[in-house]
Amino acid sequence: MKKTATSSYVVIPGSNEQQKKNPEILRVVLNRDFTRIDFGYAAPFIYEKGGWIRIAPYSFIVVQGSKQRYRLKDTWNIPVAPEVFKFESIKDWKIFSLYFEPIPVRSCKIDIIEEEEPNKNDFNYYNVVLDDVNGYEIMD
Amino acid sequence: MNLSKSAVRRYRIIDGMLRNSRLKYPNMAEIINTINAKLDFEPSSETIQKDIANMRLPYPDGFDAPINYCFRNKGYEYTDANYSLSGIALRQEDLETICEAVDLIRCIGGSRISEQFNHAVEKLLAATIESSPLKKYSMPVLQTMIPPASMGMKHFDILYEACKERITLSMLYFSNDNRNFMHTFLNAFLVKEFNNRWYVIGYSEKHQAIKTFGLDRISEPLKIKRTYRETSPKIIESYLHDMYGVHPLAAAKKETISIYASAQMTQDFEAYPIHVSQVIKKESSGAAEITFQLIPTKELASYFLSKGSQLKITGPENFINSIQSLV
């Protein structure tokens, strides 16, 4: 199948304890315009109404072996701090996407960083394995 | 030929009159009166004669309309009974039948289906509906329960296309039962409605099995360029015809399912059969043994359980055991 510079690819991150956190990394979309990461978040029972969710505007991706930061460009279905989305119950759930500057389309490990000195509420993920990056091309 | 909008409207009316099998051979006065009634404008007989001449002109200047003046019947006619200005030979009775069917489909199809259907029907009838008196009838005389659009219907088009064009989807899903998320590559073959809920069914590569997914819990499906994994037509047939519901029980296969129903419940089954395979063997009391040739499903089990003491499942044994584990 012919690959083009404008192709987009679906990558399913390799199994990793970090990815099984809540929010869970479900899928990565790579192309030359952006890197999109799809997450699933199930409202936790520890908060009376499921708590709230948001993403810091200065979140970024780092490809391991490089110091370059790929910054957050856009989001879907999650507000950017200081805005928050408040769940209504502990049974609620949400799928959301973060759009970052495009990382190279090649096999690599990435870190997704919301806070460089994170607390338990921050979304930081390390050693997210992206393999077979050209395996699943998205149709136009 | 440069056609004005009003000329086209007159052509359509003349075409409709010439195809009306109940009022054949319209004469000049009738054509003028009909146009006057529909367009609120009285054309001269010269205008109508010119219109007929234009309609007779060969394509592309005209419409190749085989219009003849019948001296015996003192009116105009199409010499080819199958001719239509639009290329679709719809007679008045065809129009009525289609409009009745459209009303029925709009009724049972709900808002999502009828939106696309309306578009197709409007195209089909565009050339003739304008001259049809049926347009006046806008108030429905048939109504079924149409629930508001549900979550997940925004993905209906891509799921339908994936089934029709055999395209693999990358799909995110949330399981309410397990409260977990997953990604799968889905080779979908059927979008199915059951009890006002919509599902997509296909071979899930994550599960290595055929699975059913509720549309309300599907997110962000993406079409993927890869070889679609075909499902055997026999399996698709079973989902189409041999199930009450959409979630077959584990290792379930088509078999005879039998129940014993009270007299009251039997009347319900008689009035509202749940499957074409339903067979009722009634006793003198009115109670009955009822059998079905079905693949056991969660929905069938739930339906039977919802009837309480009015109904007892008598076989097969594995279905009874499965139901007990569901309770």
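1. A good place to begin is A:G14, which is found in the loop between β1 and β2 of chain A. In this predicted model, A:G14 has 13 C-beta neighbours inside 10 Å and therefore counts as partly exposed, since that class lies between the limit of 12 or fewer for exposed residues and that of 20 or more for buried ones. Once its neighbours within four places in sequence are left aside, A:G14 is in contact with A:V129 and A:D131. A:G14 and A:K109, although 95 residues apart in sequence, have C-alpha atoms 9.8 Å apart in space.

2. The loop between β1 (9–11) and β2 of chain A also holds A:P23, and the peptide bond that joins A:N22 to A:P23 is cis, with omega at about 10 degrees. A second cis peptide bond to a proline runs from A:A81 to A:P82, where omega is near 15 degrees; A:P82 lies in the loop between β6 (69–76) and β7 (85–86) of chain A. A reader going through the backbone of chain A may wish to look at both of these places.

3. A further backbone feature of chain A concerns A:D132, which has a positive phi of about 50 degrees although it is not a glycine. A:D132 sits in the loop between β10 (125–130) and β11 of chain A, and it counts as exposed because it has 12 C-beta neighbours inside 10 Å, where 12 or fewer is the limit for that class.

4. Chain B offers a comparable case in B:R166, a residue other than glycine whose phi is positive, near 55 degrees. The loop that holds B:R166 lies between α5 (156–165) and β3 of chain B. B:R166 has 15 other C-beta atoms within 10 Å, so it is classed as partly exposed.

5. Which residues does each chain bring to the contact between them? Chain A gives 15 residues to this contact, and chain B gives 14 residues. On the side of chain A that touches chain B, at least two residues come from each of β2 (24–30), β3 (35–42), β8 (93–100) and β11 (136–138) of chain A. By type, the residues on that side of chain A divide into 10 nonpolar, 1 polar and 4 charged.

6. The contact includes strand pairing across the two chains, for β11(A) and strand β7 (residues 218–225) of chain B pair in the antiparallel sense over 2 bridges. Within this pairing, A:I138 stands opposite B:I224 in β7(B). As for the scores of the model, the ipTM is 0.91 and the pTM is 0.72.

7. Taken as a whole, chain B has a secondary structure of 9 helices and 11 strands. Of its 327 residues, 26% count as buried. Among the contacts in chain B with a separation of 6 or more, 61% are accounted for by residues 24 or more positions apart. The mean pLDDT of chain B is 85, and 83% of its residues reach 70 or more.

8. Several strands of chain B follow one another through hairpins. Strand β3 (residues 168–175) of chain B pairs with strand β4 (residues 180–194) of chain B in the antiparallel sense over 7 bridges, and in this pairing B:L169 stands opposite B:L186 in β4(B). The hairpin formed by β3(B) and β4(B) has 4 residues between the strands, and in its turn B:R179 has a positive phi of about 50 degrees.

9. From the other hairpin, β4(B) pairs with strand β5 (residues 197–204) of chain B, again in the antiparallel sense, over 8 bridges. The bridge partner of B:L190 is B:I201 in β5(B). Here 2 residues separate β4(B) from β5(B), and B:N195 in the turn has a positive phi of about 50 degrees.

10. Which residues touch the most other members of the largest nonpolar core? They are B:L169 and B:A188, in a core of 69 residues, and this core draws at least three residues from each of domain 3 (153–241) and domain 4 (255–326) of chain B. Not counting residues up to four places away in sequence, B:A188 touches B:L159, B:A162, B:C163, B:L169, B:V200, B:I201 and B:G202. A second, separate core has 12 residues, among them B:M17, B:A65, B:Y76 and B:L85.

Note on methods
Residues numbered from 1 in each chain as written. Chains lettered and ligands numbered in written order. Predicted model: local features only at pLDDT ≥ 70, side-chain atom pairs only at ≥ 80, totals over all residues. Contact = placed C-beta atoms within 7 Å. Nonpolar A, V, L, I, M, F, W, Y, C, P; charged D, E, K, R; others polar. Pairing = 2+ DSSP bridges. Core = buried A, V, L, I, M, F, W, Y, C linked by C-beta atoms within 7 Å. Domains from an automatic or database assignment. pLDDT = per-residue confidence, 0-100.
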